[in-house]
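Visitor: Could you take me on a close look at the part around the ligand, and at the annotated position there? I would like to see how that part sits in the rest of the fold.

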Amino acid sequence: MKTTTAFFSFLTSSLVSLALVLALALVLALAPTTATTKFQFQNTLSSSPLATLFVTLFAISLNYWLVPGGFAWRNYHHRQHDNEKPNAKLTGPMGWPILGTLPLMGSLAHAKLAALAASLNAKRLMALSLGPTPVVISSHPETARQILFGSSFSDRPIKESARALMFERAIGFAPSGTYWRHLRRIAAFHMFSPRRIQGLESLRQRVADVMVKSAWKEMEEKGVVDIRGVLQEGSLCNILESVFGSNDKGQELGDMVKEGYELIAKFNLEDYFPLKFLDFHGVKRRCHTLAAKVVSAVGQIVEERKRDGSFVGKNDFLSTLLSLPKEERLGDSDMVAILWEMVFRGTDTVAILLEWVMARMVLHQDVQKKAREEINTCIGRRSHVRDSDIANLPYLQAIVKEVLRMHPPGPLLSWARLAVHDVHVDKVLVPVGTTAMVNMWAISHDPSIWEDPWAFKPERFLKEDVSIMGSDLRLAPFGAGRRVCPGRALGLATAHLWLAELLRHFTWLPAQHVDLSESLRLSMEMKTPLRCVVVRR
Ligand code: HEM
């Protein structure tokens, strides 16, 4: 059923119920209170056709939304009584009238949904309603595999803000099809290929030097290092240089990324209900203004590069896009969309991951010391860590894996998937149009999968080599299947190299209590920015 129809029937039934509840409450409030009169009143109620009608309608209406999974699943349950083949049992919270389970989708949604799935014995698959939108959530590696690898969940539901910010024309939200495949192929070849990642090694080293200098400068000037700012600046500079070959518009684009991030992370009623004509928080207006700025700023860079024709033989992503053979070349607006997406995705993910890593380093001095010893043994007195050194730093890699397990930047795999047709997950029929999410945070904290899941123990990955690239669904922080993160190898190469450099140059100590509280916005960040003290080595 279309969202609009579902919404209006939902609204009608909810309003009817609400009116009935109010009416009943009013009648009862006005009712006499002495025992005898109360008895007489109840007699009247039971003999009154109006009261009977109230109660009956109320019960029907409750029956309409009080189904496992909530209102959005009512037809699903009604189908059990039709002639159609009955579906396997679906479990899930009924949620609130109208809102369904939306009130849980705040900054700790991953943890609340994990607890709910465990309490309802619905880790394999839990159904819920986000407003009138039917949703299934997997908190189990087997059903996660079925969702992420199956071709049935190859699209993503798109938020209005993401659409307004042009992400529908970029890889992340483009519907799976010829255009999306074309974009992925171009990006795989010209942005994320092993040869290209290797070619960007000196850039990563240069940015690491800048970050080390900034950290030391902050330490000298303020006596404390606000590491979030240092990492964000480094990440932005790194991605801008690899995408455009220069960092000229760093400040301007950095501000745009920040604002875009804030807008996409905002909760919007319009994304769940057909209220597109409304703009409660001015998000739509701000998105359109921002999109115009992005088109102008990025468009100008593209135009300038085209005008001076200086792109032949260059290694940055824009230059390679402009050098593509005519039949493969993207239109100007599509080029702006994909360049903007790379800058947008490439800036926050690595910085957020590294802030979590540094928090753990500050908290677990023994782990930090062991990692530094490994690095010193491997690198010696060389001026820089190289990408090729990382293979010889298994403990450093284990630290990053353990942080990705405990604090995955995309705990619900950031962007959900959408069922493009009816499909069975675990013998449960999931209807077309259902949003599917994988709660990777729940899986990576599940004591039946991970021994002592709340303890920070990088050593676990020395004992068992678990791939984090999407083949082992016990730990897939970059997602899996056809829409797996295409930037994972680049993200990891960057995180490993920078971590090694940061640990090599300084001993990192806490400047204050390290608060590990999480805040899920677009990615899962540290709620309180990390502040450290550094001691030079
Ligand atoms: C620590 C680093 C990163 C993490 C944890 C991460 C995580 C993710 C996750 C969980 C997804 C969804 C996958 C799925 O649905 O199965 C994703 C998708 C994506 N990521 Fe990343 N990512 C990281 C770095 C990057 C970087 C550096 C870039 C680009 C510069 C990037 C670009 C993308 C794009 C374009 C998609 C959408 C893919 C599609 O829909 O086809 N990511 N990422």
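Guide: Gladly! A word on the annotation before we start: UniProt positions are given here in the numbering used for this chain, feature names are shortened, and annotations may be inferred rather than shown by experiment. Please also keep in mind that this is a predicted model.

With that said, an unreviewed UniProt entry places the feature "binding site" at Cys-485. You will find Cys-485 in the loop between helix H19 (460-463) and helix H20 (488-505). Cys-485 counts as buried because it has 24 C-beta neighbours inside 10 Å, and the cut-off for buried is 20 or more. Leaving aside residues up to four places away in sequence, Cys-485 touches Phe-478 and Gly-479.

Now to the ligand itself. It is surrounded by 28 residues, and the closest are Gly-346, Gly-479, Cys-485, Gly-487 and Gly-491. By character, the shell divides into 15 nonpolar, nine polar and four charged residues. Both H15 and H20 supply at least two residues of this shell, and the largest share, seven residues, comes from H15.

Helix H15 leads us on to the packing. In the largest nonpolar core, which has 94 residues, those that touch the most other members are Met-126, Val-136, Leu-354, Val-357, Met-358 and Leu-499. Helix H15 (residues 332-363) gives this core its largest share, 11 residues. Look at Met-358: not counting residues up to four places away in sequence, Met-358 touches Ile-227, Trp-508, Leu-530 and Cys-532. There is also a second, separate core of 42 residues, which includes Ala-174, Trp-180, Leu-240 and Leu-339.

Definitions and conventions: Residues numbered from 1 in each chain as written. Predicted model: local features only at pLDDT ≥ 70, side-chain atom pairs only at ≥ 80, totals over all residues. Core = buried A, V, L, I, M, F, W, Y, C linked by C-beta atoms within 7 Å. Buried ≥ 20, exposed ≤ 12 C-beta atoms within 10 Å, placed from the backbone. Helix = DSSP H or I, 4+ residues; strand = E, 2+ residues; numbered from the N terminus. Contact = placed C-beta atoms within 7 Å. Near = placed C-beta within 6 Å. Nonpolar A, V, L, I, M, F, W, Y, C, P; charged D, E, K, R; others polar.
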